[in-house]
Every structure is written in C-alpha cells, then in structure tokens.
Amino acid sequence: MSDIPQERRVLTAIPGPKSVELQARRTAAVAAGVGSTLPVFTARAGGGIIEDVDGNRLIDFGSGIAVTSVGASAEAVVRRASAQLADFTHTCFMVTPYEGYVEVCERLAELTPGDHAKKSALFNSGAEAVENAVKIARAYTKRTAVVVFDHGYHGRTNLTMALTSKNMPYKQGFGPFAPEVYRVPVAYGYRWPTGPENAGAEASAQAIDEITKQIGAENVAAIIIEPVLGEGGFIEPAKGFLPAIARFAKDNGIVFVADEIQSGFCRTGQWFACEDEGIVPDLITTAKGIAGGLPLSAVTGRAEIMDAAHSGGLGGTYGGNPVACAGALGAIETMRELDLNARARRIEEVMKGRLEEMRAKLPNGGVIGDVRGRGAMIAIELVKPGTKDPDAAATAALAKACHAEGLLVLTCGTYGNVLRFLPPLVIGEDLLNEGLDIIERAFATL
Ligand SMILES: *Cc1c(COP(=O)(O)O)cnc(C)c1O
C-alpha cells in the first residue's frame, strides 16, 4: 500500500479550491454525460483513504464502485503490474499469447464454485464480459432469448443497456435496444407485497410462469442474474429464489449466468455471492474487484459451454491485457494472504451492528426502512417515516452531509433511495467506525 496516513483530514471545504479549479477545466473539456459522485480530484489513494489535490483525506466507503477491494495501491498489485509494465505492455493475446492470461484463467477455475472442468475468456470491462456471456450461451444453446430481472444492472453498452432495468440515467434517449431480452420479477424481500418470508417462493413461481408463458423455456439461451443486485439497491434475492431459478434453468437446458461483477472476489465475505445458497452457475461474469483497479473482466464456466463459440469468435484487442492480468494475480494473492473474506464478514458485523443501532434509536426506524447486504456490500434503504415510500431527497442529503465531513459514500437503487457502503476490504476498523460516526451525525442533521 502507498504510505498515505490512514487518517481522515479535512483541511478545506470539500471540494477544495484546487478541485474546484480542476472541475472548471473538466467541465470545459469532458463530455457532460460523464458524471462524478463527488468532484474531488484524487492525488493518491490506498487502504481506506483517498487523498485529494487540496490535501484532504477522505474515508473511502466506495472503493471506486466495489473495485479496489485490496486498496487502490496494494503492494502485490503495484509490484506485479510494475514488473509487467517494464517487460511488455501488450502483444494482443490473439496475436502472441503470454503466461499471465493463462494463469488468471487457472485461478478463476480454482476460485469459482463447482468442481467441473472450467475455462475462461478475458475482456476489459464488466459490460463486455456480460455481452460475451450472452454470445457464448447463444452459441451453445442455439437459442436467442435472454432473461433478466427487475432492478438488474449489467452495463452501458447497447446489449447490456437492454439487459439493465433502470431507464434514468442508463437508457434514456439511447435506444433502440437489442431485441430478445425479457425481464421478470425478482424476490425483493423488503418490497414484496406478501412479505420477505414469501418472496422467494412467490417471485420465483411468477418469474418461471412468465418465462414459460411469454417466451417458452425452449427459446431461452440464458438467464442472467446478480446474486446480490448491486446498482438496483443491494437487493439480496429472498432465500429460495436463486435455487429455484437455477433449477428451472438446469431442467430446461438454459445457461444460468451469475453476474458477480460487483458481488464477487470476497466482497460479500465469500469468493462469490452465489455460494451462499450453494448455487453452481454455468457461467460467471467477473470484473470490478478482480484486478485491484486495473481494467479486466472475465467469463468463466463449464468447459463444454465456453468451448461452444468457434475459434476467433471471442476476443478483442486489449482483452486480458498483460498488465491487468499481473494486477489480478496480485489482487488474488492479497485476498488469499490477508483472508479478505474474513475481513468482509467482520465489516458486515461492525456495519450492520451500528446501522441497526441507529435504526433502533429512531421511532419505528424513522427514515431507515431497511438495513441489508452481506460482507462489505451493505446498504440502508431510506423511506418517508412510517411508510415504505422511497425518500430519494433524504438519501441525497445524507450523502452530501457525509461528503462534507470527508466520508465518501455512494447512492444507488431503482428509486434512488439507497445509501450503499462498499469500503475497501483492507480498511482499518478505526476508520470504519469513524465513517459510521459520521453517518450517525448526518442522520441528526436531516
Ligand atoms: C458494474 C457492473 C457491470 C458493468 O461493468 P462495467 O465494467 O462498468 O462495464 C455489470 N454488472 C454488474 C453487476 C455491475 O455491478
């Protein structure tokens, strides 16, 4: 890790004057469509801290959206990627291959669930991995339909926009979208009309009924689901839902794809979130946490499915870039050495404990409708007190109050009313608690 002191420090307004100056240059030069949660310009980052150009040190509860799980400058990532950078930056794996790519695929075969023969293909972004999972599933099944779920998020390319549930900001004005994509209900326990205890069975029955009646199971190439929904609001499908959907896929020759791009690589206290209910997906898509911040993604799965696409049918100029592969090997080494699954479970214990305490102090929970998530993927859903009406304004106000105190938090959710916490798994417990203190004080300002 870089030697940034692991201490919060607020020296100026946030954003400070140097950030404000850079933001003016950015506004003139960078397309308006690319937003930023907090226009604080980064100077360096590591562990649980982001230091900005004004010298402020923010506590990081975002990890660059679940990416820097090992920290933004993990020793093993920096060492391995730097060595690779000096050796060669690129040859293109499709022109002359290199060992790092193969080694990442070997690690993926070991770490993903199931003891069947597995193969992988590497890409650059999460969206690209999901697109390729669809190509592979279609090549294997010789079918076209793809089933996704309410509140699902799978990326911003044309096909993955179609797979993504939420219109604004991801899809608005960007159509037409790819055909043969169908969306069915998910077991969102907190909002399920008959309660979370019924959601798993009822939602899976509804989803299967819709697939059978509206599409025909025999036309479905793939069912794609996030085992914990990320962008949609950190929704853990109610117990029983994922196994029922996975069983239906198996019984009908449908490729079951777990999109673990946000939930994978120790984030939820397991290598992959689908392990929680013993699910063994046919294909898994990974990205984000895989490479300590370097751009890399993968599709991993059953060898016979992965081999269904003809030679030359998959790939891309940069897919599995050697520096990114070296970063991934460093990140995986760090996860194993520091037992980051155990760290994630400890983060859950601390965060959920404190957030539940905050909720208990408010009459009927006040604005805190739900506290949920697993490992270091924890969220609170904010509502108008006494109802389940989403309160996006309170969510934005809370995030703003945290930012002003030097705590970086993110929001998400279909209704924009979820505050999500994704600290680096290497964050110190003192910083974690200090961040929670700031959240507690922010509630008082509502
Ligand atoms: C972030 C994300 C994606 C898209 O990844 P990009 O690298 O941004 O293309 C896809 N699926 C899930 C679940 C994600 O969280």
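Okay, before anything else, a quick definition: when I say helix or strand, I mean a DSSP run, numbered from the N terminus, with at least four residues for a helix and at least two for a strand. One more thing up front: this is a predicted model.

So, let's talk about pockets. The largest pocket holds about 1,000 Å³ of space. It has 40 lining residues, and the ones closest to the centre are Ile65, Tyr153, Arg156, Glu231 and Arg420. Which elements supply at least two residues each to that lining? Those are α2 (63-66), α5 (126-141), α12 (392-404) and β14 (410-412). The one that gives the most is α12, with five residues. Sort the lining by class and you get 19 nonpolar, 13 polar and eight charged residues.

Now, where does this largest pocket lie with respect to the domains? Domain 1 is 17-74 + 339-445, and domain 2 is 77-185 + 217-228 + 250-336; both give residues to the lining, so the largest pocket lies between them.

On to the second largest pocket, with a volume of about 670 Å³. Here we have 26 lining residues, and closest to the centre are Gly35, Ser36, Thr37, Leu38 and, once again, Ile65. Two or more residues each come from β1 (42-46), β3 (57-60) and α2. Of the elements, α2 gives the most, with three residues. By class, this lining divides into 14 nonpolar, nine polar and three charged. Domain 1 and domain 2 turn up again, each giving at least three residues to the lining of the second largest pocket.

Okay, cavities. How many of 30 Å³ or more are there in the whole structure? The search finds four. In the largest cavity there's about 60 Å³ of space. Its lining includes His151, Gly152 and Tyr153, as well as Glu231 and Gly232. You may remember Tyr153 and Glu231 from the residues closest to the centre of the largest pocket. By class, the lining of the largest cavity has two nonpolar, seven polar and two charged residues.

Last one: the second largest cavity, at about 40 Å³. Among the residues that line this cavity are Thr112, Pro113, Asp282 and Arg302. Two elements give two or more residues here, β9 (283-286) and β10 (297-302), and β10 gives the most, with three. The class split for the second largest cavity is four nonpolar, four polar and three charged residues.

Methods. Residues numbered from 1 in each chain as written. Predicted model: local features only at pLDDT ≥ 70, side-chain atom pairs only at ≥ 80, totals over all residues. Heavy atoms only, no water. 1 Å grid on protein atoms, 1.4 Å probe; cavity = no way out; pocket = protein on both sides within 12 Å on 5 of 7 lines; lining within 4 Å. Points joined across faces, edges and corners; volume = space filled by probe spheres on them. Nonpolar A, V, L, I, M, F, W, Y, C, P; charged D, E, K, R; others polar. Domains from an automatic or database assignment.
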